[in-house]
Amino acid sequence: MKNHSTTDDDTSKAIGVMGGTFDPIHFGHLVTAESAYESFSLCEVVFVPAGDPPHKEPKAVTDAEHRLEMTRLATEDNPHFCVSSVEVAREGHSYTVDTMRHFREKYGAEAELYFITGVDAILQIPSWNNAEGVFEVCRFIAATRPGYSLSELMQFTEQLQPEYRDRIHVLEVPALAISSTDLRRRVREGQSIKYLVPEPVQRYIECTGLYRDI
Ligand code: ATP
Ligand code: MG
């Protein structure tokens with residue numbers, strides 16, 4: 001299934017941007033990015049770890065340098081994945097609108113830009129800073145995620161103006177009921193995270209002692 005049908009210009013690029021806290025990155029994130037790459041004929045997927053996420057208590061989030069490094073480790077074996085430190089490098093709150101404007105400038109007006117996100121994050125759009133600005137600059141890929149129903153998403157999108165609704169594309173991904181919250185709990189309680197995160201990420205967490213005491 002090829003969903004990328006938004007431009008007549010065969011030379012234009014389609015880029016996916018996968019934002020997240022990635023605290024830590026796990027196979028749910030990776031399978032979502034890979035599915036989007038395939039289904040939307042993307043050239044690449046850029047992973048963007050959040051610097052200072054406005055929706056989370058700053059103290060509850062691991063240092064950006066650790067999250068950035070784990071994201072690098074998780075993606076380095078995939079030639080069409082890359083990592084951007086744009087949000088980590090930015091002072092103050094990271095807003096999706098600023099990030100997507102940054103990528104619009106970088107890839108140019110012809111590029112088809114997709115913000116890849118789970119259904120749970122789409123439902124939070126009304127609370128975003130300048131959500132209209134994000135719709136103006138990119139399209140959304142709304143990935144299914146265990147625990148979040150598609151009917152809830154449909155109810156939400158039906159309330160949107162058509163020009164916004166048409167810019168949200170649903171993507172069904174193989175269901176992996178993994179969350180970073182659960183991974184942090186597992187490490188804290190001494191449980192295994194093997195087969196839930198890539199091996200280099202697992203080793204990094206073991207070596208640094210991340211999540212053991214929080
Ligand atoms: P936390 O529990 O700390 O919120 P998380 O697992 O939700 O962590 P985030 O970094 O918050 O991970 O998520 C980044 C993006 O990846 C979000 O758009 C989220 O919806 C999506 N995502 C996270 N886990 C999955 C999953 N298992 N399947 C599909 N999408 C996912
Ligand atoms: Mg989350």
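**Glu199 and its partner.** I looked up Glu199 first. Glu199 is partly exposed, at 46% relative accessible area (buried is under 20%, exposed over 50%, partly exposed in between; 1.4 Å probe, protein chains only). This is a predicted model, where local features need pLDDT of at least 70, side-chain atom pairs count only at pLDDT 80 or more, and totals for chains, interfaces and linings use all residues. Residues are numbered from 1 along each chain as written, chains are lettered from A and ligands numbered from 1 in written order, and side-chain values use heavy atoms, without hydrogens and water.

Glu199 forms a salt bridge with Arg203, N to O 3.6 Å (a side-chain nitrogen of Lys or Arg within 4 Å of a carboxyl oxygen of Asp or Glu). Both sit in helix H10, residues 199-208, four residues apart, about one turn (helices are DSSP runs of H or I, at least four residues; strands are E runs, at least two; numbering goes from the N terminus). Arg203 is partly exposed too, at 45%.

**Other salt bridges.** I get a count of seven. Asp182 and Arg185 pair at 2.8 Å between the closest N and O atoms. They lie three residues apart in helix H9, residues 180-188. I find Asp182 and Arg185 in a network with Arg186 and Glu189. In helix H2, Arg72 and Glu69 pair at 3.7 Å. They are about one helical turn apart because three residues separate them.

**Arg67.** Does Arg67, also in helix H2 (residues 64-75), sit buried or exposed? Arg67 is buried and has no salt bridge; the nearest side chain of opposite charge, Asp23, is 4.9 Å away (Lys and Arg count as positive, Asp and Glu as negative; His and chain ends are not counted). I did find a polar side-chain atom of Arg67 2.7 Å from the backbone oxygen of Ala50.

**His26.** This residue is in the loop between strand E1 (14-20) and helix H1 (27-39). His26 counts as buried because its relative accessibility is 3%. A polar atom of its side chain lies 3.0 Å from the backbone nitrogen of Gly28.

**Ligand 1.** I checked which residues come nearest: Gly118, Asp120, Leu176, Ser180 and Thr181, of 22 around the ligand (a heavy atom within 4 Å). A polar side-chain atom of His29 is 2.9 Å from a ligand oxygen. A backbone N or O atom of Ser180 is 2.9 Å from an oxygen of ligand 1. The protein covers 91% of the 600 Å² that ligand 1 has accessible on its own (Shrake-Rupley method, 1.4 Å probe).

Note on methods
A polar contact is a pair of N or O atoms within 3.5 Å; within protein, one must be able to donate a hydrogen and the other to accept it, and residues adjacent in sequence count only if both atoms are side-chain atoms.
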